[in-house]
Amino acid sequence: PIDVIWSEEQIQGDKRNVIYVGPNNNVDTAWYDLYDELKNRAGSDQPKDLLTARSGEGLNYIQSKQVKLPVDKAQLIKNGVVNPNDDVVDELRFTLAKDYIFKNDAAILNIIAASKWNRPIYFTQPQQIGFDEYLRQDGLAYRLVPVKNARAALNTNWMLDKVLTKFRYGGATNPKVYYDEENRRHMVNIRHSHTVLAYKLLEENRKEDAKKVLRHSDKNMPSRSLPYGFASRYGNDHNEKSYYFGMAAIESGDKELGMKVLKEVKKDCQQQIAYFNSLSEEQYGIAQPYEFKSAQDLIAKIDEALK
């Protein structure tokens, strides 16, 4: 287990529901050790370690938005947190994005500070606390790494191995399984992760690997189970992600797969436009004309690609 810094007694009930970020956060140029701030300041109930509210109440706080964590590159490589060729920072510094921290965010910061990089820390999605620039996509998750420009990077070889050898697609090849709207949304995001990987491989001039990833996706999430062309209530997000999948296939040299996907998307967009055109003016307004415009835009892009 990770030492989460605060005891059960320290967080029971309403204790530490809010940790305030101290009065120096806008002018202070120093960087404060996150573990020390959480343990010895926010974790203290001594009057000298509290902010005094106008009501006279003592408030738990940390001194600054600017916090840091020590980094030992050799240990990070040994523990598998970073790759040997990563550009590791000397210490991880980030600026808290909030003037006060609720208990749920404080729990995340406690885990990060207390883990001492002994094992990887993952998130299912980017956070809004302040350390997003150090989250690197590994498959479907985001790993906290003390690496420069991690947010703009992708752990290519790691993700390639996981996609081709570890991913399990459940019943996604079974055409009798029905995916409701919410499950389609998640499935499309899983498919899109293959697209993201393929584009990274193309960037590295690895066309055959990119083609392999997209074919692997098409085999395990075929259009008969999860159509490439499908209306959604997210501004045609489903079709847009499929468009990029098709374009990645074409760029990898797999014209057959790319054309198949783009034609399916175009057909669905044409059907959407025909539907919208059949509506009365009143019905059209209710049906969100934004979907109509996004379908038109996708058709124009696909026509350009099909040339």
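Visitor: In what order do the three strands of the open sheet sit?

Guide: Keep in mind that this is a predicted model. The three strands make an open sheet, and their pairing is antiparallel. Reading across, the order is S8-S10-S9.

Visitor: Which strands stand at the edges, and why is one side of each left without a neighbour?

Guide: Strand S8 covers 122-123 and strand S9 covers 135-138. Each has a single partner strand, so one side of each lacks a neighbour in the sheet. The edge strands are S8 and S9.

Visitor: Which residue in S10 is the bridge partner of tyrosine 122?

Guide: S8 pairs with strand S10, residues 141-144, in the antiparallel sense, and two bridges hold that pairing on paper. For tyrosine 122, the bridge partner in S10 is arginine 143.

Visitor: Moving to the helices, at what angle do H2 and H4 pack?

Guide: Helix H2 spans residues 34-41 and helix H4 spans residues 103-115. Their crossing is left-handed. The axes lie 9 Å apart, and the angle is about 120°.

Visitor: How many nonpolar residues does the contact of H2 with H4 have?

Guide: From H2 come Leu34, Tyr35 and Leu38, which meet Leu109, Asn110, Ala113 and Ala114 in H4. By class, there are no charged residues and one polar, and the nonpolar count is six.

Visitor: Which element has the lowest mean pLDDT?

Guide: Overall, the protein averages a pLDDT of 90, with 96% of the residues scoring at least 70. Helix H7 (residues 207-220) has the highest mean among the elements, 98. Where pLDDT is low, don't read the predicted coordinates in detail. The lowest mean, 69, belongs to helix H10 (residues 281-286).

Methods:
Residues numbered from 1 in each chain as written. Predicted model: local features only at pLDDT ≥ 70, side-chain atom pairs only at ≥ 80, totals over all residues. Heavy atoms only, no water. Axes fitted to C-alpha atoms, helices over the stretch in contact; angles between N-to-C directions. Helix = DSSP H or I, 4+ residues; strand = E, 2+ residues; numbered from the N terminus. Left-handed = near helix turned anticlockwise from the far one by under 90°. Contact = heavy atoms within 4.5 Å. Nonpolar A, V, L, I, M, F, W, Y, C, P; charged D, E, K, R; others polar. pLDDT = per-residue confidence, 0-100. Pairing = 2+ DSSP bridges.
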